[in-house]
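Here is a quick walk through one model, with an eye on what sits inside it. Have the viewer open while you read.

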Amino acid sequence: HHPLFSSLTSAPAVSLPELRSILATDRDRVRLIDVRSREESAAGTIPGALNIPVSELENALRMEPADFQATYFAEKPRLEEENLVFFCQIGSNECHAMQTARELEYLGANYEDEYRAWQGKED
């Protein structure tokens, strides 16, 4: 059983073409978490992504599943999920979501480089 992303062992980053092809063919194999602010997310996001602002992320990932469901109207990611993808507006260096998730033992945490790239390709 291989992780979805080939680059997982070195730099856990998902390229935009990789992410697009996965979403097109096997949507259920990836969980997208939009860690931008609610305002940014409301202005447009990747279809199917769950918005958890980065300021809330650690707290959210520590919640009981029932509390998470009640707060975010979505199933809480499981620790063993391999393909959790976080994305933020400006890219990974400014985005601590993945480190936060990994510190909480979410082993499949990845990031997509930046939402701006996705946005640029959509227009």
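## A buried cysteine and its surroundings

Cys88 is buried, at a relative accessible area of 9%. Keep in mind that this is a predicted model. Cys88 sits in the loop between E4 and H5, and an unreviewed UniProt entry puts the feature "active site" at this residue.

Step back into E4 (84–87) and you find a strand that is covered on both faces. Leu84 and Phe86 are buried on one side, while Val85 and Phe87 are buried on the other. That fits a general pattern: in a regular strand, side chains alternate between the two faces of the sheet.

Where do these side chains end up? Phe86 is in the largest nonpolar core, a set of 21 residues, and along with Ile52 and Phe68 it is among those with the most contacts inside that core. Helices H3 (54–62), H4 (65–72) and H5 (97–103) each give two or more residues to this core, as do strands E4 and E5 (109–112). Phe87 belongs to a second, separate core of ten residues, which also includes Leu19, Leu32 and Ile46. As background, nonpolar side chains in soluble globular proteins tend to be buried together.

E4 also has a strand partner: it runs parallel to E2 (residues 31–34), and four bridges join the two. One partner pair is Arg31 with Leu84 of E4.

Arg31 turns up again around Glu81, a residue in the loop between H4 and E4. Leaving aside residues up to four places away in sequence, Glu81 touches Arg31, Lys76 and Gly108. Is Glu81 buried or exposed? It counts as buried because its relative accessible area of 13% is under the 20% cut-off.

Now over to H4 for the aromatics. Searching the whole structure turns up one aromatic pair. It is made by Phe68 and Tyr72, with ring centres 5.0 Å apart and planes at 45°, so the pair is tilted. Both residues lie in helix H4, four residues apart, which is about one turn of the helix. Phe68 and Tyr72 are both buried, with the values listed below.

Here are the relative accessible areas side by side:

| Residue | Relative accessible area |
|---|---|
| Phe68 | 0% |
| Tyr72 | 9% |
| Glu81 | 13% |
| Cys88 | 9% |

Notes:
Residues are numbered from 1 along each chain as its sequence is written. This is a predicted model: local features need pLDDT of at least 70, side-chain atom pairs count only at pLDDT 80 or more; totals for chains, interfaces and linings use all residues. Side-chain values use heavy atoms; hydrogens and water are left out. A nonpolar core is a set of buried Ala, Val, Leu, Ile, Met, Phe, Trp, Tyr and Cys residues joined through side-chain atoms within 4.5 Å. Buried means under 20% relative accessible area, exposed over 50%, partly exposed in between (1.4 Å probe, protein chains only). Two strands pair if DSSP finds at least two bridges between them. Contact means heavy atoms within 4.5 Å. UniProt positions are given in the numbering used here, feature names are shortened, and annotations may be inferred rather than shown by experiment. Rings of Phe, Tyr and Trp (its six-membered ring) pair if their centres lie within 6.5 Å; planes under 30 degrees apart count as stacked, over 60 as edge-to-face and the rest as tilted.
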